[in-house]
Amino acid sequence: MSRQQLIERKLTDVLEPEFIEVINESSNHNVPPGSESHFKVTVVSAAFDGERLIQRHRRVNQILAEEFADGLHALALHTLSPDEWFERAGHVPESPLCMGGSKG
């Protein structure tokens, strides 16, 4: 199972999202080809109702603690309640270009 699939499975199992999208953005960074180190994650879940953004991000990071210990480097997180997702018409911002290493 790829790291992308593992991230999606773990978040789905715990958060029971209405929508989830996990995109491998590693190729946008200064990493070897085929890396699975940088991901954009959009999760829409009723589990986030009433939680502050920092609480949501901490929850996702805790769910993925093993992946961080095993080489996951960065997540661009978009953690939304169903109402917030509706208000945004199902849109999240594009990730910025990497400015580190040889990509800057």
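1. Where does Arg-56 lie? Arg-56 is part of helix 2, which covers residues 53-63. Before going further, please keep in mind that this is a predicted model. Arg-56 has a relative accessible area of 5%, and it counts as buried because that value is under 20%. Setting aside neighbours within four places in sequence, Arg-56 is in contact with Phe-48, Glu-51, Thr-79, Leu-80, Ser-81 and Glu-84.

2. Now for the sheet, a good place to find your bearings. The sheet is open and has three strands in the order 1-2-3, with mixed pairing. Its edge strands are strand 1 (19-24) and strand 3 (74-80), each of which pairs on one side only. On average, and ignoring direction, neighbouring strands of this sheet are turned by 10° against each other. Helix 1, made of residues 3-15, packs on the sheet and touches strand 1 and strand 2. The direction of helix 1 makes about 160° with that of strand 1.

3. A closer look at one pairing may help. In general, the strands of a sheet pair through backbone hydrogen bonds, in either a parallel or an antiparallel way. Here, strand 2 (residues 38-44) and strand 3 run parallel and are joined by seven bridges. You can follow this pairing residue by residue: Lys-40 stands opposite Ala-76 in strand 3, and Val-44 has Leu-80 in strand 3 as its bridge partner. Strand 3 is also mostly covered, with five of its seven residues buried.

4. Next, the nonpolar interior. The largest nonpolar core has 15 residues, and those with the most contacts inside it are Ile-7, Leu-11, Val-41, Val-60 and Leu-75. Two or more residues of this core come from each of helix 1, strand 1, strand 2, helix 2 and strand 3. Leu-11 is a nice residue to click on: not counting residues up to four places away in sequence, Leu-11 touches Glu-16, Pro-17, Ile-20, Val-41, Val-43, Val-60, Ile-63 and Leu-64.

5. How many aromatic pairs does a search of the whole structure find? The search finds one. The partners are Phe-19 and Trp-85, with 4.7 Å from centre to centre and 20° between the planes. The pair counts as stacked because planes under 30 degrees apart are classed that way. It links distant parts of the chain, since Phe-19 is in strand 1 and Trp-85 is in helix 4 (residues 82-87), 66 residues apart. Are the two partners buried or exposed, or in between? Phe-19 is partly exposed, with a relative accessible area of 29%, whereas Trp-85 counts as buried at 18% relative accessibility.

6. Finally, have a look at Asn-24, which has its place in strand 1. Asn-24 has a relative accessible area of 26%, so it is partly exposed, a class that lies between the 20% and 50% limits. Leaving out neighbours within four places in sequence, the contacts of Asn-24 are Gln-4, Ser-35, Glu-36, His-38 and Phe-39. One of these, Glu-36, is 12 residues from Asn-24 in sequence, while their C-alpha atoms are 6.5 Å apart in space.

Notes. Residues numbered from 1 in each chain as written. Predicted model: local features only at pLDDT ≥ 70, side-chain atom pairs only at ≥ 80, totals over all residues. Heavy atoms only, no water. Pairing = 2+ DSSP bridges. Helix = DSSP H or I, 4+ residues; strand = E, 2+ residues; numbered from the N terminus. Axes fitted to C-alpha atoms, helices over the stretch in contact; angles between N-to-C directions. Contact = heavy atoms within 4.5 Å. Buried < 20%, exposed > 50% of the residue type's maximum accessible area, 1.4 Å probe, protein only. Phe/Tyr/Trp six-rings, centres within 6.5 Å; stacked < 30°, edge-to-face > 60°. Core = buried A, V, L, I, M, F, W, Y, C linked by side-chain atoms within 4.5 Å.
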